[in-house]
Amino acid sequence: MADPIHAVPGLPRWHPNPIVRSIIERIRIHGWAVTAVGEHCMVEGCDGSDQPDCPFAYTSGLVMHDIPELAVYGLDMGTAGRVLNELGNLLHTYDWAKIVDARAPIPLNALDVPVMLIEIIDKSDLCMSNELFPNAPALQVVWPDDLGTYPWEVGYSLSQQSQTIIGIPPTTTGRVVGPRTVSTHDGRNRMERRAAQRRRPRT
């Protein structure tokens, strides 16, 4: 009989990499895991050449709750973890797609400023999430400067190195759409579209 604690649908039971195994175990226990990548390497034998210019943190396992994985850049590890966990809990209650589409600022207890969610287009930094859930959609959590100005707005006072943007910033024109879903259905071909148009009643 399978152990129900270790048999989680959609989650591998085992992985050859011990770091990935620890992420799997955290997902089993807590529902999702947060991985933080800082400016100072703590792995034995690391020479610092692979360290990021901007610290970041991301989730693995939120996709198992029908929520995109989340990533945040430029915050210290403790704050980043609190932000992602608070948002993970929040998105169990609220519709993330509507929040993204509405460009809604989200107030959090973990930060003094409201954050915004944007669709991620480059998931290469999310190594653990990519290993376990390669097709999972992902959102970036973006925070404003002290005056409430976001990186894509005029007057943003922080440097680009303070917060790397790996997502699609909201535009001033048109509606921002949420993460895109790629469908294998190609719709009607040209002949079918013409036939449907001929059948349409003329007014």
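Which backbone oxygen does the side chain of K123 reach? In this predicted model, the side chain of K123 comes to 3.3 Å from the backbone oxygen of P134. K123 belongs to the loop that joins β4 (116–119) to α4 (127–132). Leaving aside residues up to four places away in sequence, K123 is in contact with N130, F133, P134, N135, A136 and A138. K123 is buried and takes part in no salt bridge. The nearest side chain of opposite charge belongs to E69, at 7.8 Å, whereas a salt bridge requires a side-chain nitrogen of Lys or Arg within 4 Å of a carboxyl oxygen.

The protein chain contains five helices and five strands. Read from the N terminus, these elements follow the order α-β-β-β-α-α-β-α-β-α. The chain has 203 residues, of which 39% count as buried. Its exposed area is about 12,800 Å², and carbon and sulfur atoms supply 53% of that area. Among contacts with a separation of 6 or more, 55% involve residues 24 or more positions apart.

Helix α2 covers residues 77–90. The 14 residues of α2 should span 20 Å at 1.5 Å a residue, and the end C-alpha atoms are 20 Å apart, so the expected and computed spans agree. At the N-terminal end, α2 is capped by D76, with a side-chain oxygen 3.2 Å from the backbone nitrogen of G78. The buried residues of α2 are T79, A80, G81, V83, L84, L87 and G88. The elements that cover these buried residues include β1 (33–37), β2 (56–60), β3 (69–73), β4 and β5 (138–142).

Two of the residues touched by L111 also appear in this account of α2. L111 lies in the loop between α3 and β4 and touches L75, T79, V83 and W143, not counting residues up to four places away in sequence. T79 and V83 are both buried residues of α2. L111 has a relative accessible area of 16% and therefore counts as buried, the cut-off being under 20%. The C-alpha atoms of L111 and R82 are 8.9 Å apart, although 29 residues separate the two along the chain.

The loop between α3 and β4 also holds D112. With a relative accessible area of 84%, D112 is exposed. D112 and G148 are 36 residues apart along the chain, and their C-alpha atoms are separated by 10.0 Å.

Side chains of opposite charge can pair when their charged atoms come close. The count for this model is one salt bridge. This salt bridge joins the side chains of R28 and E25, with an N to O distance of 3.2 Å. Both residues lie in helix α1 (residues 18–30), and because R28 and E25 are three residues apart there, about one helical turn separates them. R28 is buried, at 15% relative accessibility, while E25 is partly exposed, at 29%.

Backbone geometry was also examined. Most residues other than glycine have a negative phi. D66 has a positive phi, near 60°. The position of D66 is in the loop between β2 and β3, where D66 is exposed with a relative accessible area of 68%. R103 likewise has a positive phi, near 55°. R103 is part of the loop between α3 (96–101) and β4 and is partly exposed, with a relative accessible area of 29%.

R103 also features in a pairing across the sequence. The C-alpha atoms of T171 and R103 are 9.9 Å apart in space, with these positions 68 residues apart in sequence numbering. T171 is located in the loop between β5 and α5 (190–199). At 40% relative accessibility, T171 counts as partly exposed.

Note on methods
Residues are numbered from 1 along each chain as its sequence is written. This is a predicted model: local features need pLDDT of at least 70, side-chain atom pairs count only at pLDDT 80 or more; totals for chains, interfaces and linings use all residues. Side-chain values use heavy atoms; hydrogens and water are left out. Helices (H or I, at least four residues) and strands (E, at least two) are DSSP runs, numbered from the N terminus. Buried means under 20% relative accessible area, exposed over 50%, partly exposed in between (1.4 Å probe, protein chains only). Contact means heavy atoms within 4.5 Å. Accessible areas come from the Shrake-Rupley method with a 1.4 Å probe; for residues, only the protein chains shown count as cover. Lys and Arg count as positive and Asp and Glu as negative; His and the chain ends are not counted. A polar contact is a pair of N or O atoms within 3.5 Å; within protein, one must be able to donate a hydrogen and the other to accept it, and residues adjacent in sequence count only if both atoms are side-chain atoms. The expected span of a helix is 1.5 Å times one less than its number of residues.
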